Each structure stands twice: as C-alpha cells, then as structure tokens.
Amino acid sequence: MKILLTGIDGYIGTVLGQELLKAGYEVVGFDTGYYRGAWLYDMPDFKEPKLIKKDIRDVIIEDIEGFDAVVHLAELSNDPLGENDPKITRDINHKGTVKLAMLAKEAGVSRFIYFSSCSVYGASDNIADESSPTNPLTEYAKSKVLNEKTLQKLADNNFSPIIFRNATVYGASPRLRFDLVVNNLAGLAFTTKEIKMNSDGTPWRPLVHILDVCQAVLIALKAPLKKIHNQIMNVGDTNSNYQIRDVAEIIKNTFPGCTVSLNKNGADKRNYKVNFNKIKTVLPGFSCKYNTAYGVKELKEIFEKIKMTKEVFMDKAYTRLKKIEYLRKTNQIDEKFFWR
Ligand SMILES: NC(=O)c1ccc[n+]([C@@H]2O[C@H](COP(=O)([O-])OP(=O)(O)OC[C@H]3O[C@@H](n4cnc5c(N)ncnc54)[C@H](O)[C@@H]3O)[C@@H](O)[C@H]2O)c1
C-alpha cells in the first residue's frame with residue numbers, strides 16, 4: 001500500500017514516516033521543508049523516505065496519482081505561528097488543504113486522513129466530545145474548523161475523509177518542538193531548572209504521546225472504509241486531560257530540584273477538557289499506550305544523552321515561530337512564505 005504523507009519533515013511527520021515504513025508501507029513524503037535542517041538527536045535505524053519537496057499550495061494531480069491513501073499534516077502548525085500572519089495561515093492551511101483534498105478525490109485516492117486538532121474546542125467549561133459546538137479562538141483553529149467542514153462536504157461514495165482532532169502532542173522526535181507545552185516545560189526544567197508556565201496553571205489541556213497518534217493512523221489505514229468514512233474522532237485518552245500545573249508537577253518529579261513558577265497575566269486563554277471515547281469504538285484496538293510521565297522521562301533521557309544546552313533549547317530550529325521569522329528576515333521565504 002502506497003501512502004502520501006504530507007508534513008513528513010515536521011515534528012509528527014518525522015516519526016510517523018518511520019512508523020509507516022516499519023509497518024511495511026511504501027511512503028512518499030510531501031513537504032516544503034521549513035524546518036528540515038533541525039535534528040536534535042540520532043534515531044536508530046532511521047530510513048530517509050522519498051520526498052516531493054514542494055509547497056502544498058503548488059500541489060498538482062500528478063503528485064497524488066497512484067496512492068492508496070493520503071495522510072495530511074502539512075500546515076502552519078500551532079496557534080502562535082498561525083496568529084503571526086492570519087492571511088497566510090488561511091492560504092496554506094485552508095486553501096492548501098482544500099486543493100489537496102479535491103485533487104485526491106479527482107485522482108481516486110479515497111482514504112484521506114486529515115490532522116485537525118482539539119484546539120477547535122477553544123475554551124469551554126464542559127468536557128467536549130465530537131458533537132460539541134466548536135469554539136476556535138485562533139486563526140489556526142478557525143482554519144481547522146473550516147477544513148473539517150469542507151472535507152465533510154467532499155465526502156461521497158468515492159472519497160472518505162477521516163478527521164483526527166489530535167490532543168496536544170508530546171514526546172520524542174528528532175525534529176522536536178519546544179513550542180508544545182510538555183516538551184517546552186521539560187526543556188526549561190533541564191536547561192534552566194525553572195518550570196515557567198505561560199498561564200496561572202489552571203487551564204485544562206488534553207495531551208497525547210506522539211506514538212499514540214501514529215498508532216491511530218496505522219489503525220485507520222487498515223480499518224474498513226465504511227466504518228471510518230467521514231468520521232471525526234478526538235485522538236487521545238479521557239484520562240489524559242491535565243491542568244497545566246499538574247503537568248508542571250509531573251515534570252518537577254522527573255527533574256528534581258526545579259522550581260515551578262506561574263504567569264498570572266499569561267496570554268494563553270485556551271482551556272478545554274475532551275472526551276476520547278469515540279475513537280475506541282470507531283478504530284477497533286485503539287487505546288493510548290503512553291502517559292505524560294513516560295513521555296517526560298523519555299525526553300529527559302534524550303536531553304541527558306545529547307547534553308542539551310540552553311542555546312540548543314532556545315534555538316530557532318525547534319520553535320516554529322522563531323524559525324519562520326528567521327526565514328522571512330533573511331529573505332529565504334517571500335511575504336507569502338514561498339521559498340525564493
Ligand atoms: N503537534 C501537535 O501538538 C498537534 C496537535 C494537533 C494537531 N496537529 C496537527 O498535526 C500536523 C503536524 O503537526 P506538527 O506538530 O508535526 O507540525 P510541524 O510544524 O512540526 O510540521 C508541519 C510540516 O508541514 C510543513 N509545511 C508547512 N507549510 C507547508 C506548505 N505550505 N507546504 C508544504 N509543507 C508545509 C512544514 O515544513 C513541516 O515540516 C499539523 O497539521 C498540526 O496542525 C499537531
């Protein structure tokens with residue numbers, strides 16, 4: 001089975017590409033390579049997948065023909081980056097995704113797995129499930145909601161979108177991201193001994209390990225299309241809704257001797273708890289195998305192994321907004337984020 005994996009050079013894509021290859025799939029990546037150079041640590045047995053190095057806005061039908069499934073990750077990912085330039089976020093994340101989906105449908109690729117996000121729930125006092133109203137607070141989340149709606153409209157007998165609303169991901173990837181809450185607080189603990197939260201610690205956030213997200217994709221690639229056709233699924237575990245201060249506590253226990261500090265005026269207004277029961281019924285056999293304490297321990301082992309310095313932790317390579325701003329400032333990408 002031949003899979004087109006967009007966003008293969010990203011945080012999740014780097015690990016997912018390897019998991020798909022290990023499972024015996026033929027994998028072709030599609031990525032413009034904004035963060036391709038970043039590589040925090042060596043991954044044993046890493047195999048370089050085939051790659052179409054291209055902007056998703058320039059995708060053509062020939063790029064998609066002959067595949068059995070598309071797994072679509074390539075977007076400007078995360079809220080602060082999306083807010084940086086909302087128009088470009090919409091161009092890449094919405095127009096790019098719709099173009100890819102329409103071409104996939106035209107090319108006869110019926111299984112289209114799309115990576116949405118639990119951030120579509122925004123801020124809510126109730127525990128949200130797939131039938132809850134969405135409340136996207138940022139351009140990133142608004143684009144996800146728009147994409148979900150468009151994909152669902154494209155669904156028919158020959159085209160089956162499968163929409164994953166992933167919880168916030170954590171865990172090891174050679175292309176690590178320190179702009180994700182668990183990875184960030186673990187990196188701060190290791191390099192500064194201060195676990196500095198960007199909130200008063202009370203907001204709720206569902207978390208999921210990177211390998212559990214990969215597991216969901218592997219199951220969705222095998223599941224009967226009829227069962228998953230046009231389904232939206234939250235990806236994570238109902239027991240993995242945490243208040244940020246609890247995450248800080250887990251990290252403090254793993255990195256002894258650290259202090260924890262709050263930011264009462266922090267800008268982060270996202271606050272949502274999510275129910276993850278549906279995925280267990282739609283994707284038979286899926287259940288999260290990892291928890292946050294495991295993920296933090298795994299990160300600590302990597303930081304120790306590579307003797308990670310504060311400079312590496314702070315480097316633009318591992319924080320998306322910094323990297324995109326650098327590419328703009330140095331004129332490597334133009335005002336629409338195309339490579340010059
Ligand atoms: N990381 C999380 O916590 C999380 C949570 C929920 C959903 N998601 C979704 O999962 C997907 C992958 O997330 P990630 O954390 O690996 O993101 P990432 O930013 O690390 O990777 C995204 C990849 O997409 C590529 N890309 C961006 N714009 C492109 C364009 N115009 N053309 C071609 N390629 C382009 C980048 O070069 C990068 O390699 C995203 O769609 C994201 O919204 C991530």
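These are my notebook entries on a ligand site, one helix and a handful of residues in a predicted model.

**Entry 1: the ligand**

I started with the ligand and asked which residues come nearest to it. Of the 30 residues around the ligand, those are Ile12, Asp31, Ile56, Tyr140 and Arg177. Then I went through polar atoms close to ligand oxygens. A polar backbone atom of Gly10 sits 3.1 Å from one ligand oxygen atom. For Leu73, I found a backbone N or O atom 2.9 Å from an oxygen atom of the ligand. Ser77 uses its side chain instead, with a polar atom 3.4 Å from a ligand oxygen. I also looked up how much of the ligand the protein covers: 98% of the 830 Å² of accessible area that the ligand has on its own.

Next I checked which elements build the shell. Helix H1 (11–22), S5, H5 and strand S8 (168–170) each give two or more residues to it. S5 has the largest share, three residues. Sorted by class, the shell holds 13 nonpolar, nine polar and eight charged residues.

**Entry 2: helix H5**

H5 turned up in the shell, so I measured nothing by hand and just read off its computed span. How far apart should the ends of its 16 residues be? H5 covers residues 139–154, and at 1.5 Å a residue it should span 22 Å. Its end C-alpha atoms are 22 Å apart, so the two agree.

I listed the buried residues of H5 as well: Glu139, Tyr140, Ala141, Ser143, Lys144, Val145, Asn147, Glu148, Leu151 and Leu154. Tyr140 is also among the residues that come nearest the ligand. As background for reading that list, an α-helix has 3.6 residues a turn, so residues three or four places apart point the same way. The cover over these buried residues includes helix H3 (79–84), helix H4 (86–106), strand S5 (111–117), strand S7 (160–166) and strand S11 (231–235).

**Entry 3: Phe164**

S7 led me to Phe164, which lies in that strand. Phe164 is buried, at 0% relative accessible area. Setting aside neighbours within four places in sequence, I found it in contact with Ile113, Tyr114, Phe115, Ser116, Ser117, Ala216, Val217, Ala220, Met233, Val235 and Leu283. I also checked Phe164 against Lys226: they are 62 residues apart in sequence and 16 Å apart in space, C-alpha to C-alpha.

**Entry 4: Thr292 and Gln243**

Is Thr292 buried or exposed? Thr292 is in helix H11 (residues 292–306) and counts as buried, because its relative accessibility is 0%, with the cut-off at under 20%. Its side chain makes a polar contact with the side chain of Tyr242, at 3.2 Å. Beyond neighbours within four places, Thr292 is in contact with Tyr170, Val182, Leu207, Tyr242 and Ile250.

Gln243 belongs to strand S12 (residues 241–243). Gln243 is buried too, with a relative accessible area of 13%. Not counting residues up to four places away in sequence, Gln243 touches Gly201, Thr202, Pro203 and Trp204.

**Entry 5: two positive phi values**

Last, I looked up two backbone oddities. Asp45 is not a glycine, yet its phi is positive, about 65°. Asp45 sits in the loop between strand S2 (26–31) and strand S3 (50–53), and it counts as exposed at 67% relative accessibility.

Lys193 also has a positive phi, near 65°, in a residue other than glycine. I placed Lys193 in the loop between helix H6 (181–192) and strand S9 (194–196). Lys193 is partly exposed, with a relative accessible area of 47%.

Definitions and conventions:
Residues are numbered from 1 along each chain as its sequence is written. This is a predicted model: local features need pLDDT of at least 70, side-chain atom pairs count only at pLDDT 80 or more; totals for chains, interfaces and linings use all residues. Side-chain values use heavy atoms; hydrogens and water are left out. Helices (H or I, at least four residues) and strands (E, at least two) are DSSP runs, numbered from the N terminus. The expected span of a helix is 1.5 Å times one less than its number of residues. Buried means under 20% relative accessible area, exposed over 50%, partly exposed in between (1.4 Å probe, protein chains only). Contact means heavy atoms within 4.5 Å. A residue is near a molecule or strand if one of its heavy atoms lies within 4 Å of it. A polar contact is a pair of N or O atoms within 3.5 Å; within protein, one must be able to donate a hydrogen and the other to accept it, and residues adjacent in sequence count only if both atoms are side-chain atoms. Accessible areas come from the Shrake-Rupley method with a 1.4 Å probe; for residues, only the protein chains shown count as cover. Ala, Val, Leu, Ile, Met, Phe, Trp, Tyr, Cys and Pro count as nonpolar, Asp, Glu, Lys and Arg as charged, and the others, Gly among them, as polar.
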